[in-house]
Amino acid sequence: MSEPKLLVLAADPLPRLGRLTGKVRVAYADEDTLAEQLPSADVLLVWDFTSDAVRRAWPGDGSRPRWVHTPSAGVDRLLCPELAESDTVVTNARGIFERPIAEYVAALILAMAKDLPGTLDLQRQRHWRHREGLSVAGTRAAVVGAGPIGRMIARTLKALGVLTAVVGRTPRDGIHGVRDLDPLLARADWVVCAAPLTDDTRGMFDARRFDLMQPSARFVNVGRGPLVVESDLVAALDKRWIAGAALDVFEQEPLPSDSPLWDAPGLIVSPHMSGDTVGWRDRLGEQFVDMYEAWSAGRPLPNVVDKKRGYVPMHDDSSE
């Protein structure tokens, strides 16, 4: 029996597969060649997880890989109806990005509370102007998204003394349901979006929800860009409905140079980097090698995505 074929949707730098050398036939595809190579692959590693190529290539004739792995938290870039309805197992990189993203959110909140952007601007101007910052201890945060990233954000903010409520798809112990979202937004000093992108969550932060927030509130999105109606956020900042915001994800990436978001008052823009710390690609490669060894030995795979919901569902002490 021949070795299984691992097809990699390539991106630079290529993944380090280490222990898999000699145990699997590895082939590489790009957006133009993915469709023709899919029928011969047993496993697909979507190393270029910012690409929409899988969604375009998956429909069609021929067999399809039994397992697809994306080294990202979200799976919205690859899921299409044909993949969702198939027997193919889809897994994600749960366990890699939670703490770095939580640290990044905490950094953004501290930066806004202490007006670090203003301090840096004044330094560049050589202008000495004393100001008063905000204390984050005792403030309130609503974290939208009760998956591992959202829950790590909540734990990190609680360590700073922030009173934190987490909102998930359904209410359960320690988690508020969607019905509680609007009242929590109205009371929050910090609103953090870490939800998965699904049909239910697309555009969930719109003019109505920004209008619910306090004029002193700040909004942070580290989930997915389409969770936010960006024109409504710009309007909310222009009209001072909210005091500020920070976006790490966007409807279109890279963010076009003519986007009004660049000049929105009180907005911090970062290039989808909240989860990326030194060595993150190596950790993703190591995680995939561990998962491949489990798969080839017939053991259950971790991080299996519910393809109808679009995320890894709750199991045991984990949460949606």
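This is a chat about strands, a pocket and some backbone details in a predicted model.

Colleague: Let's start with β10. Which way do its residues point, and are they buried or exposed?

Modeller: Strand β10 covers residues 244–247. Gly244 and Ala246 point one way, while Ala245 and Leu247 point the other way. All are buried.

Colleague: How does β9 pair with β10, and over how many bridges?

Modeller: β9, residues 218–221, pairs with β10 in the parallel sense over four bridges. Asn221 stands opposite Leu247 there.

Colleague: Which helix goes with those two strands in the β-α-β unit, and what is its hand?

Modeller: Helix α9, residues 230–238, makes the unit with β9 and β10, and the unit is right-handed.

Colleague: And how many bridges join β10 to β11?

Modeller: Three, and the two strands run parallel. Ala246 in β10 stands opposite Ile268 in β11.

Colleague: What about the loop between β10 and β11: where does Pro254 lie?

Modeller: Pro254 lies in that loop. The peptide bond from Glu253 to Pro254 is cis, with omega near -5 degrees.

Colleague: Which residues does the cis bond at Pro13 join?

Modeller: Asp12 and Pro13, with omega about -10 degrees. Pro13 sits in the loop between β1 (5–9) and β2 (25–29).

Colleague: Switching to pockets. How much space lies in the second largest pocket?

Modeller: About 310 Å³. The elements giving two or more residues to its lining are α4 (98–113), α5 (116–124) and β11 (267–269).

Colleague: How many residues line that pocket, and which lie nearest its centre?

Modeller: The lining has 19 residues, and Met112, Asp115, Pro117, Gly118 and Gly266 lie nearest the centre. By type, the lining residues divide into ten nonpolar, four polar and five charged.

Colleague: Back to the backbone. What is the phi of Arg126?

Modeller: Positive, about 55 degrees, although Arg126 is not a glycine. Arg126 lies in the loop between α5 and β6 (140–144).

Colleague: Is Arg126 buried or exposed?

Modeller: Exposed, because its relative accessible area is 80% and the cut-off for exposed is over 50%.

Colleague: And where is Asn303?

Modeller: Asn303 is in the segment after α10 (280–296). Asn303 also has a positive phi, about 60 degrees, and is not a glycine.

Colleague: Why does Asn303 count as buried?

Modeller: Because its relative accessibility is 14%, and buried means under 20%.

Notes:
Residues numbered from 1 in each chain as written. Predicted model: local features only at pLDDT ≥ 70, side-chain atom pairs only at ≥ 80, totals over all residues. Heavy atoms only, no water. 1 Å grid on protein atoms, 1.4 Å probe; cavity = no way out; pocket = protein on both sides within 12 Å on 5 of 7 lines; lining within 4 Å. Points joined across faces, edges and corners; volume = space filled by probe spheres on them. Nonpolar A, V, L, I, M, F, W, Y, C, P; charged D, E, K, R; others polar. Buried < 20%, exposed > 50% of the residue type's maximum accessible area, 1.4 Å probe, protein only. Pairing = 2+ DSSP bridges. Right-handed = clockwise from strand over helix to strand, strands pointing away.
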